[in-house]
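Here is a friendly walk through one protein model, written for someone who likes to know the cut-off behind each term. Have the structure open as you read.

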Amino acid sequence: MPSANVSILNDVLGPVMRGPSSSHTAAAVRLGELARAFVPAAAAGRTEVQVDYDPKGSLATTAEAQGSNLGLAAGLLGIAKEDPRMPKALEEAAHAASPIRFRTSVQQVKDHTHPNTYRITIRPPAPHPAHWLVGLSTGGGALSLWSVDGVRVDARGDRWLYLLYRSEGEGGARTDLLAALLNLRDAHGWVRVGRLSGEAAPSPSVADGDVPAGRADLSGAAVYFIESARPIAKAVVEEELGAATVHGCAKAVCLPCVMPVPRPGVFDLPFTTVAAMRAFTERHPTAAPLHALAQEGAAGTEGCLGDGDGWTLWKLALLYEARRSGRPPQEVFEMVAALGDLYERG
C-alpha cells in the first residue's frame, strides 16, 4: 500500500543545496537543528558537542567530504540551509565567540546499524544536564531521530515534539501527569501524547569521570511527550498542566519541526495512486475542487491556477500537497516557486 505520509515538498522536490550529497547535508542540518534544542540559550560558557561515527558506517570516511559535519554545525548554530553563511558554519563553530565547541570522533556506535548513523552528545556547562541523540540520515534529506538519552523516539522531524523529563516512583505522580496530557490532547489538537518506553541513560561516549560536579543528572528519568503538527508553546503547556508541574520536571524541551511541511494527524488525500488520480479527474472534470480549496484557504489563491479550469499534473500535485500539508494552496505554490528559483540560480 502507498504511504499516506509521502509529501511532495518533504520527500520529492527537496532539498536543493550544496553537494556532493545535498540530501545528507540537509539531513545533517536538520539533525543539528533538533540537537540545538538541547543547547541552553543562557549557558555561562560554551556547550561541547561531540559527534561519533561508527568505523564500519559510511559517515566515518564521508562526513567531511559530503558536508555532514558542515550541516550539523550549521543546524547547531541556527544557520538556515538558505543562509549565505552556511558554507562557513564549521569556521563559525570554531570561533571563540561561538556558543558551541564542535568536534567529531570515530568510535563504535552500537545504538543503530544504519550506515548513516550520528550519535550526538551535548554537554553544556554545569548545572545544565548533558543529552545524547542518535539520528539517521535516511536519504533525500529525510531523517529519523531514533533516540534521545537512550529512550526510543523514532521521530521524523516533521512534527513538533515536546519532552518532559520526570524523576518519579511508581504510582500517583506518573498516572497524574499522563492523565493530564491525555485530557489536554484533543482540546489543543495535539496528535499524540504519552510516556516513552524506557528511562533516560547517560551517553556511552562520556566516561563517568567526565561528568563535572554540580551537573544535573537525568539518569533514570521517565520521558513524557507531546507530539503536534503545530508549534507547542511552553507557556501554554505550563498554563494547562500548571507551572508547578512543569517546573517539577527535571527538564522540559521542545524540538522543532525541521521538515518543510509538518505531518498532520489526519489526512484527507484526494488520491494516493495513479489509478486513483485518474478516477478523481473523471469524477471532477474541472479543477473545481482546487478552486474550492483555494477559497477555503487564502484570498487570491485562485491566481496561482492559471486561466484554464482543466486539470494538469501540476494542479493535481498542488491539490495533493495542500491536502497533505494542511496548508493553503497559495502557500504551497509559493514554496514550490522558491525551490524553482533555487534551481534556476544553480
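Helices (H or I, at least four residues) and strands (E, at least two) are DSSP runs, numbered from the N terminus. With that in hand, D149 can be placed in the loop between β5 (142-148) and β6 (151-155). This is a predicted model, in which local features need pLDDT of at least 70, side-chain atom pairs count only at pLDDT 80 or more, and totals for chains, interfaces and linings use all residues. Residues are numbered from 1 along each chain as its sequence is written, and side-chain values use heavy atoms, with hydrogens and water left out.

**Overview**

The protein chain holds 12 helices and 10 strands. Of its 346 residues, 46% count as buried, where buried means under 20% relative accessible area, exposed over 50% and partly exposed in between (1.4 Å probe, protein chains only). Contact here means heavy atoms within 4.5 Å. Among the contacts in the chain with a separation of 6 or more, 71% come from residues 24 or more positions apart.

**The cores and helix α4**

A nonpolar core is a set of buried Ala, Val, Leu, Ile, Met, Phe, Trp, Tyr and Cys residues joined through side-chain atoms within 4.5 Å. The largest one has 46 residues, and F38, L72, Y118, L163 and Y165 touch the most other members. Helix α4 (residues 68-77) gives the most to this core, with six residues. Another core lies apart from it, with 17 residues, among them Y162, I226, L241 and C257.

Why is α4 described as largely enclosed by the rest of the structure? The reason is that 10 of the 10 residues of α4 are buried. They run from polar members such as S68 and N69 to L70, G71, L72, A73, A74, G75, L76 and L77. Just after α4, G78 takes a positive phi of about 75 degrees.

**Two polar residues in loops**

N116 sits in the loop between β2 (100-106) and β3 (117-123). N116 counts as buried because its relative accessibility is 11%. Which residues does N116 contact, leaving aside its neighbours within four places in sequence? They are H24, S58, L59, G135, L136 and S137. The side chains of N116 and S58 are joined by a polar contact of 2.4 Å; such a contact is a pair of N or O atoms within 3.5 Å, and within protein one must be able to donate a hydrogen and the other to accept it, while residues adjacent in sequence count only if both atoms are side-chain atoms. The C-alpha atoms of N116 and G139 are separated by 9.2 Å, with their positions 23 residues apart along the chain.

S98 is found in the loop between α5 (89-94) and β2. A polar atom of the S98 side chain lies 3.0 Å from the backbone oxygen of I100. Not counting residues up to four places away in sequence, S98 touches R46, L77, E92 and A93.

Here are relative accessible areas for several residues, including some that come up further on.

| Residue | Relative accessible area | Class |
|---|---|---|
| S98 | 6% | buried |
| D149 | 2% | buried |
| D154 | 36% | partly exposed |
| C254 | 26% | partly exposed |
| C257 | 15% | buried |
| F271 | 8% | buried |
| F280 | 5% | buried |

**Rings**

Rings of Phe, Tyr and Trp (its six-membered ring) pair if their centres lie within 6.5 Å; planes under 30 degrees apart count as stacked, over 60 as edge-to-face and the rest as tilted. The structure holds five aromatic pairs. One of them is F271 with F280, an edge-to-face pair at 5.6 Å centre to centre and 65 degrees between the planes. F271, F280, W311 and Y320 form one aromatic cluster.

R152 lies over the face of W146, at 3.7 Å from the ring centre. A charge sits over a ring if NZ of Lys or CZ of Arg is within 6 Å of the ring centre and within 35 degrees of the ring normal.

**Backbone details and cysteines**

The peptide bond from A126 to P127 is cis, with omega near 15 degrees. P127 belongs to the loop between β3 and β4 (131-139). D149 has a positive phi near 55 degrees, in a residue other than glycine. For D154, in strand β6, phi is also positive and near 55 degrees.

How many disulfides are there? The count comes to zero, taking a disulfide as a pair of cysteine sulfur atoms within 2.5 Å.
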